[in-house]
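Work through the following exercises with the coordinates open. Each task is followed by a solution in steps.

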Amino acid sequence: MLKSQTLKEIRPHGSKAFPCAIYQTQFSTKGSFVKHHWHDEIELIYFFGGDFRLEINMEQFFIRSECLYFINSGELHSIITEKSGSLGEYAVVFNPSILNLDPYDSIQIRLIQPLQDGNLLFPRCLLPEHSAFQSVRDTFMDIINMIKDPFKNDLMIKDGTNIDDLSSQLYIKSSLLHILSILLSHQMLAPIENNYDKRVEDIKAVLTYIKENYKEKIYIRDLSDLINMNEQYFCRFFKKAIGHTPIEFINEYRIRQSMHLLEKTDLAVTEICLECGYNNIGNFLKEFRRYTNTTPLKYRKFHQKSK
């Protein structure tokens, strides 16, 4: 399958010796999100409540209570919070190679290798009413609790820091194998017949074009021509897939890039305006306020104080 490299997550998950990472994410404001991206690794996400919109490929899933979701290799996904408040999730991101057994082992041949090759898929989600949910969640949380600070209730190993301790690696590996055995016993691992979805590849191509060209003028016809659609149909297609119009997405992406420059550089606001694809300072200030409820200078000052 042809995949966009720009949207591919470039940070490593774990180490070369043990490609597995564990993450804890807290969202406190509406609109906080994990941007659209994909990776070769498999991701297990446990939402422990809140109001999220999880987007995977061309589907949207609304999270209202605790649940488990599975992101297979190469799937385009993002997370958006729907309401303000204390929200969060844990994620285990791993390369199935950490589960490798002897090449002639029947489990390796029939289960692990097909997972590595993308020919066997995890289920999309597990909800509390499913008979497998309790066992999978408890095993998942065993992994989290193993590296959680019991006094602070957060991870002692932050943001995918390498897990070098052999006993921890063995525990994680055995727990993931246990989750696989539960899903297998409930016939929830599905062989894949055809993983190619042109709609998903079209969206990846468009998002990649925007992220590579956001500093320049972008016309709707450029985006629609990219995937051989007329402009009117393309706009409906994009809104259905991403939840925003193309113009809304481009503006939001530009503003988020400007926020990053305000945080990380000393560039003047007018320079940032031009750097992020706005040729009119008034339009830039209006869009910045619309997305942040403040001005660029106040945002920079607030960020510097918070640091």
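**Exercise 1.** Is serine 15 buried or exposed? Place serine 15 in the chain and describe its surroundings.

Solution. The model is a predicted one. Start with the location: serine 15 belongs to the segment before β1 (20-27). Next, take the accessibility. The relative accessible area of serine 15 is 17%, and the limit for buried is under 20%, so serine 15 is buried. Then look at the side chain: one of its polar atoms is 3.1 Å from the backbone nitrogen of phenylalanine 18. Last, consider a distant part of the sequence. Aspartate 164 is 149 residues away from serine 15 along the chain, yet the C-alpha to C-alpha distance is 8.5 Å.

**Exercise 2.** Describe the environment of glutamate 55, then do the same for glutamine 108.

Solution. Glutamate 55 sits in strand β4 (residues 52-56). Its relative accessibility is 1%, so glutamate 55 is classed as buried. The side chain of glutamate 55 has a polar contact of 3.0 Å with the side chain of histidine 36. Beyond residues up to four places away in sequence, glutamate 55 touches several others, among them His36, His77, Ser78 and Ala241.

Glutamine 108 is part of helix α1 (residues 106-116). With a relative accessible area of 4%, glutamine 108 is buried. Its side chain and that of asparagine 100 form a polar contact of 3.2 Å. With neighbours within four places set aside, the contacts of glutamine 108 include Leu99, Asn100, Asp102 and Gln116.

**Exercise 3.** Where is isoleucine 107, and which residues does isoleucine 107 touch?

Solution. Isoleucine 107 is located in helix α1. At 42% relative accessibility, isoleucine 107 is partly exposed. Not counting residues up to four places away in sequence, its contacts are Leu101 and Ile112.

**Exercise 4.** How many disulfides does the structure hold? Examine cysteine 125 and cysteine 273.

Solution. The count is zero. For cysteine 125, the closest cysteine sulfur is in cysteine 67, at 7.0 Å. A disulfide requires sulfur atoms within 2.5 Å, so that distance is too far for a bond. Cysteine 273 is likewise in no disulfide, and the nearest cysteine sulfur, in cysteine 276, is 8.2 Å away. Now add the accessibilities: cysteine 125 is partly exposed at 25%, whereas cysteine 273 is buried at 2%.

**Exercise 5.** Which residues of the largest nonpolar core touch the most other members? Identify the elements that contribute to this core.

Solution. Begin with the general expectation: in soluble globular proteins, nonpolar side chains tend to be buried together. The largest nonpolar core has 36 residues, and those touching the most other members are Val92, Phe94, Phe122, Leu126, Phe140, Leu176 and Leu183. Two or more residues of this core come from each of β1, β3 (42-47), β6 (67-71), β8 (87-94), α1, α2 (133-146) and α3 (166-185). Take phenylalanine 140 as a sample member: with neighbours within four places left aside, phenylalanine 140 contacts Leu44, Tyr46, Leu68, Tyr90, Ala91, Val92 and Ile179. A separate second core holds 19 residues, including Val200, Ile210, Phe238 and Ala241.

**Exercise 6.** Classify the packing of α2 against α3, and of α7 against α9.

Solution. Two packed helices are described by the angle between their axes and the distance between the axes.

- For α2 and α3, the angle is about 170° and the axes are 9 Å apart.
- An angle over 145 degrees counts as roughly antiparallel, so α2 and α3 are roughly antiparallel.
- The residues that meet include Val136, Phe140 and Ile143 in α2, and Ile172, Leu176 and Ile179 in α3.
- For α7 (residues 246-264) and α9 (residues 281-292), the angle is about 90° and the axes are 10 Å apart.
- Therefore α7 is roughly perpendicular to α9.
- Among the residues making this contact are Ile255, Met259 and Leu262 of α7, and Phe284, Phe288 and Tyr291 of α9.

**Exercise 7.** Examine the backbone of asparagine 228 and asparagine 293.

Solution. Asparagine 228 is not a glycine, but its phi is positive, about 60°. Asparagine 228 lies in the loop between α5 (220-226) and α6 (231-242), and is exposed at 73% relative accessible area. Asparagine 293 also has a positive phi, about 65°. The loop between α9 and α10 (296-306) contains asparagine 293, which is exposed at 66%.

Key: Residues numbered from 1 in each chain as written. Predicted model: local features only at pLDDT ≥ 70, side-chain atom pairs only at ≥ 80, totals over all residues. Heavy atoms only, no water. Helix = DSSP H or I, 4+ residues; strand = E, 2+ residues; numbered from the N terminus. Buried < 20%, exposed > 50% of the residue type's maximum accessible area, 1.4 Å probe, protein only. Polar contact = N/O pair within 3.5 Å; in protein donor to acceptor, adjacent residues only side chain to side chain. Contact = heavy atoms within 4.5 Å. Core = buried A, V, L, I, M, F, W, Y, C linked by side-chain atoms within 4.5 Å. Axes fitted to C-alpha atoms, helices over the stretch in contact; angles between N-to-C directions. Parallel < 35°, antiparallel > 145°, perpendicular 65-115°, else oblique.
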